[in-house]
Amino acid sequence: MPYPIIDIEVTQPLPTLTISEEDTGIALVVRRKDKAVGLIMQPLPPKSVLSPEDLAKMIEGKVGAKLLQEAIIEELNPAENGDLFPSLTVAICTKDRPENLARCLQHLLKLQTPILGENLNFEVLVIDNAPSNEKTKELVDSLPGVRYAREPKPGLDFARNRALQEATGEILAFLDDDVTPDRQWLKGLREAWAENPDAGGFTGLVLPYELATEAQILFESRGGFRRGFEKIRYGKILPYNPLYPCGAGIFGAGCNMAFRRDVLLKIGGFDDALDTGAPLPGGGDLDIFYRVVRAGYPLVYEPRYLVFHQHRREYEKLRRQYWTWGLGFMAFVVKSYQTDPAKRSQLIRLIAWWIGYQLDELQKSIRGCHPLPPTMILAEMWGGIVGLFGEYPRSLKRIEQIRRQFA
């Protein structure tokens, strides 16, 4: 039941779109002057035909206000000053997925092509995390301008900290190997920096790379990794959010994030006991977002800083993802409770809110008023329970054993 993903540029004449026999809907990435301003997912019968007039009505109804806003912003705001952008290292932490990595690097390296005399050079660094073979190294060795480093200790945050040690750029951006950066990705990061030179970190929009299976469509229908198409600057407080900044999921996704390298070094880098692989595959991004904000640095969400993520194709892998989300979230909450006494009352309220939210989602799902089936919500709830009752302390013990093993 695939949904083809189609770019629609509103400053050009709209096309006529025909849905194939195999397709059951369509996903439109709406762009204005190449900048993504909206995602429209619409179920449709096979062989449907959308005329330019149909598309215009659909776009106007879904993102018309956003298009008007973008036109006004363009008139009022000057262009970014790219000359002030600092040096950049882009790190991709990977393990035994050379096909995914090759696709990511192919799109990333295209962004180094000079445009109108701009200097778009940046360092590309691949961290090979506890590889089982040499395929990743062979791939990197075949690509001029890509640097390779191996981190033998298994775990994503071990790899991220290795990138922090190896990087030479003032800004350190992280991409997962299952994303492809949009052609506006670098411009988005430059724009976010120009508007927020005091920020400690940046996150960006994440859209689907494909919607080819029921699991992928289901995940994106619930919102996927999206955090919206509006710029957001997060500071010390967030009005009307009494749990801020403890609910760190609002900040963005770890598959597309960047930080001032000196800030990461100052706050001690990533927590090796989070994002450790199969036992605890999550929580590391939530933790670093939270600690950047708690250290007093703004964190900026920029939708133009865009990547496309390949969602889990299989239903069972998606169910496990929801389980890991609950597990990683509660492991992060327990860790924060232990290390940040000033926020303990908020963290307790966050746990209570999360339980209530999940129960409400489950009730809606049982009544058929929710895109997710009950099994997915129950998986996330069960992961949260496991995370709440001792997963972070268990992870601390595991990583100490790993450190001794590789000492």
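**Exercise 1. Find out which residues Asp340 touches outside its own stretch of chain, and how.**

Step 1: list the contacts, meaning heavy atoms within 4.5 Å. Leave aside the neighbours within four places in sequence, and Asp340 is in contact with Tyr290 and Arg294.

A quick word on what you're looking at: this is a predicted model, where local features need pLDDT of at least 70, side-chain atom pairs count only at pLDDT 80 or more, and totals for chains, interfaces and linings use all residues. Residues are numbered from 1 along each chain as its sequence is written, and side-chain values use heavy atoms, with hydrogens and water left out.

Step 2: look for polar contacts (a pair of N or O atoms within 3.5 Å; within protein, one must be able to donate a hydrogen and the other to accept it, and residues adjacent in sequence count only if both atoms are side-chain atoms). The Asp340 side chain has one with the side chain of Tyr290 at 2.6 Å, and one with the side chain of Arg294 at 2.8 Å.

Step 3: place Asp340 in the fold. Helices (H or I, at least four residues) and strands (E, at least two) are DSSP runs, numbered from the N terminus. Asp340 sits in the loop between α9 (315–339) and α10 (344–366). From Asp340 to Arg291 you count 49 residues in sequence, but the C-alpha to C-alpha distance is 9.7 Å.

Step 4: check burial. Buried means under 20% relative accessible area, exposed over 50%, and partly exposed in between (1.4 Å probe, protein chains only). Asp340 comes out at 12%, so it is buried.

**Exercise 2. Take three salt bridges and say what each one connects.**

Step 1: set the rule. A salt bridge here is a side-chain nitrogen of Lys or Arg within 4 Å of a carboxyl oxygen of Asp or Glu. Searching the whole structure turns up 44 salt bridges.

Step 2: start with Glu70 and Lys35, whose side chains meet at 3.1 Å, N to O. This pair links distant parts of the chain, with Glu70 in helix α1 (residues 52–76) and Lys35 in strand β4 (residues 35–43), 35 residues apart. Both Glu70 and Lys35 are buried.

Step 3: go on to Asp271 and Lys335, with the closest N and O atoms 2.7 Å apart. Asp271 is in the loop between α7 (261–266) and α8 (284–294) and Lys335 is in helix α9, so this bridge ties together parts 64 residues apart in sequence. Asp271 counts as buried because its relative accessibility is 11%, and Lys335 because its value is 8%.

Step 4: compare Arg394 and Glu391, where the closest N and O atoms are 3.0 Å apart. Both lie in helix α11 (residues 374–405), three residues apart, or about one turn of the helix. Arg394 is partly exposed at 36%, whereas Glu391 is buried at 6%.

**Exercise 3. Work out how strand β13 is enclosed.**

Step 1: count. Five of the five residues of β13 (residues 256–260) are buried, so the strand is largely enclosed by the rest of the structure.

Step 2: split by face. In a regular strand the side chains alternate between the two faces of the sheet. In β13, Asn256, Ala258 and Arg260 are on one side, Met257 and Phe259 are on the other, and all are buried.

Step 3: find the partners. Strands pair if DSSP finds at least two bridges between them. Strand β9 (residues 171–176) pairs with β13 in the antiparallel sense over five bridges, and Leu172 has Phe259 as its bridge partner. Strand β11 (residues 201–208) also runs antiparallel to β13, joined by three bridges, with Thr203 partnered by Met257.

**Exercise 4. Which residues have the most contacts inside the largest nonpolar core?**

Step 1: define it. A nonpolar core is a set of buried Ala, Val, Leu, Ile, Met, Phe, Trp, Tyr and Cys residues joined through side-chain atoms within 4.5 Å.

Step 2: read off the answer. The largest core has 53 residues, and Phe174 and Phe259 have the most contacts inside it. Helix α8 gives the most to this core, with six residues.

Step 3: follow Phe174 outward. Beyond its sequence neighbours within four places, its contacts include Phe259, Met257 and Arg160. Arg160 belongs to helix α4 (residues 156–166) and counts as buried, because its relative accessibility is 3%. Its side chain makes a polar contact with that of Asp157 at 2.9 Å.
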